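Biologist: I would like a close look at the salt bridges in this protein. Please set out which residues pair up and how covered each partner is, and then go on to a few other local features.

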Amino acid sequence: MGRDRPPFRLIEGGARKASIAPAFEFAALGAGLTLAMALLGRLPSWFHDLGRFQTLFALAFVFVALALLRIRRYQDLPHVGLAVLAVAVAARLVLLPAAPSLSGDLYRYVWEGRVLLHGGNPYRQSPDDPRLASLRDREIYANVNHKNLATIYPPLAEAGFALVARLSPTVAAFKLWVVLHDLALVLVLLWWSKRRGLSPVAVIAYAWNPLVLVEYAGSGHNDPVALLWLVVALALARERPIGSALALVAGSLTKLAPLVALPFLLRRWPWRARVPAVLLLAAGLGSFLALARGPNSGLNAFWEAWRNNELAFHYLERAVGGFATARGAALVMLAAVTAWALVKRRSETDATRLGLRASLLLSPVLHPWYLGWALAFEPLGPSAPWLLLSLTAVLNYGVLSTPAEGRDFHLPLAWRWVEYGAPLALAIVLGVRARSRAESGRT
C-alpha cells in the first residue's frame, strides 16, 4: 500500500518562512559592539593605556563595519529601528563610568559651570585667575586645560554648563547631559531617515560609530548639544521654517559649526524665517565676540595660532607662506565650495554635508571628535572613506602607546599621511571602480 501513496511535495506558491538568521546576526554584531565598549569603559585610563584602548576601539569598529557591509540583510527586519536605538543606548551607558583622559575639555565645562554659579565670568576670568582660587580642587581644576586662557564657548554653551552645574557640578552629570543630547540626535536621525524613505538601520553609521561613542559618551565632548539642533534645522527646513530657523540659532550659539548651513537654509527659508534668524544670530554672535575679546581670550588664541592633526592645511601653509595667510586661503576655498553648492542648487542637506567636510579637511585643527559633524550625515548615504577616517583618527592621540609629550603630542606628518591617506586611497579605488562600471554600462 505504501507504494501507491503519492510522493509528498511542497505546494507551489506557498509562503516561505522568513529566515531569522539576519536578526540573530544583527543582534550579535550589536552585542559585540556593546561588549567592546564595556571593556573600554573598564579601562582605568584610555590615555595611559593607549595600546589597549586603540585595540578595543579597532575591534568595536570591526563589528560596525561588518554591519554596514551587510546592511541590506537587515534593512527589512521588523522593528530594526528599536534594535538600533537599544544598542546605541547600551553602548553609551557602559561608557559613562570611563574617566575622561584623552582630553580635558569636560573638566573645562564643569569648571566654567562652577564659575558661573559663583558669580564669575568665564569670558574675562581664566582658570588661573587669583579671584577664582577658592574654586580650585584636585579633581576638576587639576585637569582643566589651557588654564591661562578664558573660555572659547558661545553663550548657549555656557548657559548649558551653568544649568548642569546647578543640578550637579560633577563629571558624571556633564557626561549625562552630553549623552542625552546624543541619544536625542539618534532619535531625530531615525525619524529623519524614515521620513526620507530610508531604512532606519542606516543610522548605525552614526549611532554605533565607535568614534562617536568614545568621544561623546566616553570623553564627554559637548558637540552633540549643538549638532542635534543643526540636524533638526535641516530636517524642518521645508515644512516648518520658523522651527528650523530657531534650531539653527540654538545650534550656532552653542557651537559655531552650524553656521556652515546658514547660506543654504537662507535660500530655502521664506522671509518670515530669514528675518528672525538673522536678527537673533547677529545679536547672539555679536555679544559673543564682544565678550570673548581680551588679552587672555581663548577664542583669539584658537583663531590665531592653534593647530592640531592638520594635513591639507600643512601643505597650504607651505604653499602660501605663514599661518594667517594659509587660514585666509582656506576660508576663500571654503567660500568657493559654498558658492559652487549654491550655484548647483544642491539641497540644503547635501550642501551642508559638503561644507562641513570641506571645513574639516581645510581646518588647521581637526580633533577626532570634530568628525561627529560629518558622521551625523552618514545615515543619509554612508561613505566608506569617511567611516574609515573615523577609525584612523584615533592615531591623533598616539600610535599604540602613550606619547612622552602627554596631551601636547602632535602626530608626526608621516603618521598623518597614514591617518588621512588610507581613506584617500579607498576613495580613489571606489571612484575608479564606479567610473569603470559606468563606462561598461554605456557599452
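Modeller: What follows goes through the salt bridges one by one, then a helix, two loop residues and a surface patch.

The model is predicted. It holds 16 salt bridges, and three of them are described here in turn.

Start with Glu348 and Arg268. Their closest N and O atoms are 3.4 Å apart, and the two residues form a salt bridge. This pair links distant parts of the chain, as Glu348 belongs to helix α17 (residues 348–362) and Arg268 to helix α12 (residues 262–268), 80 residues apart. The partners can also be described by their cover. Glu348 counts as buried because its relative accessibility is 3%, and buried means under 20%. Arg268 has a relative accessible area of 37%, so it is partly exposed.

The next pair is Glu378 and Arg353. Their side chains meet in a salt bridge, with 2.8 Å from N to O. Glu378 lies in the loop between α18 (372–375) and α19 (384–392), while Arg353 is in helix α17, so the pair ties together parts that are 25 residues apart in sequence. Both partners can be checked against the cut-off used above. Glu378 has 0% relative accessibility and therefore counts as buried. Arg353 has a relative accessible area of 14%, so Arg353 is buried as well.

Some salt bridges share partners, and in this way Arg307, Glu310, Glu317 and Arg416 are joined into one network. One of the links is the salt bridge between Glu310 and Arg307, in which the closest N and O atoms are 3.5 Å apart. Glu310 counts as buried because its relative accessibility is 6%. Arg307 is partly exposed, since its relative accessible area is 29%.

Asn309 has a positive phi of about 65 degrees, although it is not a glycine. Asn309 sits in the loop between α14 (298–304) and α15 (312–320). With 4% relative accessibility, Asn309 counts as buried.

His146 is another residue to look at for its backbone angle. Its phi is near 50 degrees, a positive value in a residue other than glycine. The loop between α5 (105–117) and α6 (155–167) holds His146. Here the relative accessibility is 40%, so His146 counts as partly exposed.

Now turn to helix α9, which spans residues 210–218 and is mostly covered, with nine of its nine residues buried. Among them are Pro210, Leu211, Glu215 and Tyr216. The N-terminal end of α9 is capped by Asn209, which has a side-chain oxygen 2.9 Å from the backbone nitrogen of Leu211. Just after α9 comes Gly220, with a positive phi of about 75 degrees.

The last feature is on the surface. Tyr315, Trp417, Leu424, Ile428 and Val432 form a nonpolar patch there, and together they have about 480 Å² of accessible area. Helix α20 (residues 413–442) gives the largest share of this patch, four residues. Ile428 has its place in helix α20. The relative accessibility of Ile428 is 51%, so Ile428 counts as exposed, the cut-off for exposed being over 50%.

Definitions and conventions
Residues are numbered from 1 along each chain as its sequence is written. This is a predicted model: local features need pLDDT of at least 70, side-chain atom pairs count only at pLDDT 80 or more; totals for chains, interfaces and linings use all residues. Side-chain values use heavy atoms; hydrogens and water are left out. Buried means under 20% relative accessible area, exposed over 50%, partly exposed in between (1.4 Å probe, protein chains only). Helices (H or I, at least four residues) and strands (E, at least two) are DSSP runs, numbered from the N terminus. A polar contact is a pair of N or O atoms within 3.5 Å; within protein, one must be able to donate a hydrogen and the other to accept it, and residues adjacent in sequence count only if both atoms are side-chain atoms. Patches are made of residues with over 30% relative accessible area and no salt bridge: like charges are joined within 9 Å, nonpolar side chains (Val, Leu, Ile, Met, Phe, Trp, Tyr) within 5 Å. Accessible areas come from the Shrake-Rupley method with a 1.4 Å probe; for residues, only the protein chains shown count as cover. A salt bridge is a side-chain nitrogen of Lys or Arg within 4 Å of a carboxyl oxygen of Asp or Glu.
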